[in-house]
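Please open the structure in your viewer and keep the selection panel at hand. The tour below proceeds from one selection to the next.

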Amino acid sequence: MRQFLKELPKCEHHLHIEGSLSPELLFQLAATNRIKLPHDNSAFASISTLEARYEHFTSLDDFLHFYYIGMSVLITSSDFESLAYDYFTRAHKDGVHHAEIFFDPQAHTDRGIAYNTVVTGLVAAQQRAEKDYGLTSKLILCFLRHMTADDALGTYKAASSLGHFSDGTVVGIGLDSSEVGNPPEIFREVYAAASEAGIRRTAHAGEEGDPTYIERALDICNVERIDHGIRLAEDGALLKRVAKDKTLLTVCPLSNVRLRCVSKVADLPIRKFLDSGVRFSINSDDPAYFGGYILDNFYAVQEAFGLSMEEWKYIADGAIKGSWCDEERKTFLL
Ligand code: HPA
Ligand code: ZN
């Protein structure tokens, strides 16, 4: 079964590229770029103390604190290129054929790194990964929901004015960071603009937030996907609607355990989603922080649920169908 899962053609839809920064690369770039890591936080004493701390996140916000400090070592285009190419190399080994990766421009522009520096590095890695591995990929620009709607709009306009949506450099928009208290409708204006311009739309919802966050993302922001969405299981009517509309949920099992959304993988509503015909993909979210890449997430789900090969084929096919690549690529992957 493990060999079958390894070879299953995979699409990854929920991967924060900044969340693939390993402690090794973090310390290496901190030294190269002369970035001071917080000396008052003993977790940053060494690679091993940092790794140990990552095993004890208490919530999404507790993780985000480390996530934003970690990415502060990323300075040049070449840093972003190394980061992304390392991820693609790892994803290729796990059987990923197509990846749609999130990036958080505001977390970089806010500390003086230009939007274009970030994108130039990521695009260079994407091109190399396609050439070296045949791995296709797309970028999804995420807005930080703890920042204002105006800030999100400014970021959207910066990407738009560079032609990054119209030329396909960036396929869509997303919404991440602290969910509870920062509901999706705050960002309705930027989502309306994206919708109008034919840009793909997703949002993190129903990770820590209750099912109304999912409903509001769908109704008010007109999203086409839901990232995480595990709390959908708490609302039967909404679950039926999501199944009927074939809205893709991008589920991240090891993340949900590490951030204590559930106490174990077996507590996730995977069986309920399968039995109700909900389309979902299995993803790694922030693999360097959550103890596993995509295949580790597949293995964890298999260990907890003992799915059949047919069920895995259904999941893998749904992931291809729910991807934002062109029809030709989908037909090739199916
Ligand atoms: N949730 C919200 N924001 C994030 C996450 C997540 O799992 N990972 C990186 N930013
Ligand atoms: Zn995420």
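How many strands form the open sheet, and in what order? In this predicted model, 8 strands form it, in the order β1-β2-β3-β4-β5-β6-β7-β8. The pairing is parallel. Select β1 (10–12) and β8 (280–282) next, which are the edge strands, each paired on one side only. From one strand to the next, the twist averages 20 degrees.

**Strands β2, β3 and β4**

Select strand β3, residues 136–144. Of its 9 residues, 8 are buried, and the strand is thus described as mostly covered. Now add strand β2, residues 96–103, which runs parallel to β3 and is joined to it by 6 bridges. To find one point of this pairing, display Phe103, whose bridge partner in β3 is Leu141.

Then turn to β4, which pairs with β3 in the parallel sense over 6 bridges. Here, Leu139 stands opposite Val170 in β4. While the strands are displayed, a general point may assist in reading them: in a regular strand, side chains alternate between the two faces of the sheet.

**Strand β5 and helix α10**

Keep strand β4 (residues 170–176) selected and add strand β5 (residues 200–205); the two run parallel and are joined by 2 bridges. Which residue in β5 is the bridge partner of Gly172? It is Arg200. Ile173, in turn, stands opposite Arg201 in β5. Strand β5 is mostly covered, with 5 of its 6 residues buried.

Select helix α10 (residues 211–219) next. This helix lies across β5 and β6 (225–228) and runs at about 165 degrees to β5.

**The helix pair α5 and α7**

Hide the strands and select helix α5 (residues 77–93) together with helix α7 (residues 115–133). At what angle do they pack? The angle is about 35 degrees, and the axes are 7 Å apart. The crossing of α5 past α7 is right-handed.

To inspect the contact, display side chains on both helices. On α5, the residues include Phe80, Ala84, Tyr85 and Phe88. Those they meet on α7 include Val118, Leu122, Ala125 and Ala129. By class, the contact between α5 and α7 comprises 10 nonpolar, 7 polar and 3 charged residues.

**Around ligand 1**

Select ligand 1 and display the residues around it: His16, Gly19, Leu60, Tyr67, Asp176, Ser177, His204, Glu207, Ser255, Asp285 and Asp286. This shell has 2 nonpolar, 5 polar and 4 charged residues.

Two members of the shell merit a separate selection. The first stop is Ser177, in the loop between β4 and α9 (188–196). Is Ser177 buried or exposed? Ser177 counts as buried because 20 C-beta neighbours lie inside 10 Å, and the cut-off for burial is 20 or more. Its phi is near 85 degrees, a positive value in a residue other than glycine. For context, most residues other than glycine have a negative phi.

The final stop is Asp285, which lies in the loop between β8 and α14 (287–290). Its phi is near 70 degrees, again positive in a residue other than glycine. With 31 other C-beta atoms within 10 Å, Asp285 is buried. Ser177 and Asp285 may be viewed together with ligand 1, since both belong to the residues around this ligand.

Notes. Residues are numbered from 1 along each chain as its sequence is written. Chains are lettered from A and ligands numbered from 1 in the order in which they are written. This is a predicted model: local features need pLDDT of at least 70, side-chain atom pairs count only at pLDDT 80 or more; totals for chains, interfaces and linings use all residues. Axes are lines fitted to C-alpha atoms, for helices over the stretch in contact, and angles run from 0 to 180 degrees between N-to-C directions. Helices (H or I, at least four residues) and strands (E, at least two) are DSSP runs, numbered from the N terminus. A crossing is left-handed if the near helix is turned anticlockwise from the far one by less than a right angle, and right-handed if clockwise. Two residues are in contact if their C-beta atoms, placed from the backbone, lie within 7 Å. Ala, Val, Leu, Ile, Met, Phe, Trp, Tyr, Cys and Pro count as nonpolar, Asp, Glu, Lys and Arg as charged, and the others, Gly among them, as polar. Two strands pair if DSSP finds at least two bridges between them. A residue is near a molecule or strand if its C-beta atom, placed from the backbone, lies within 6 Å of it. A residue is buried if 20 or more other C-beta atoms lie within 10 Å of its own, exposed if 12 or fewer, and partly exposed in between; C-beta atoms are placed from the backbone.
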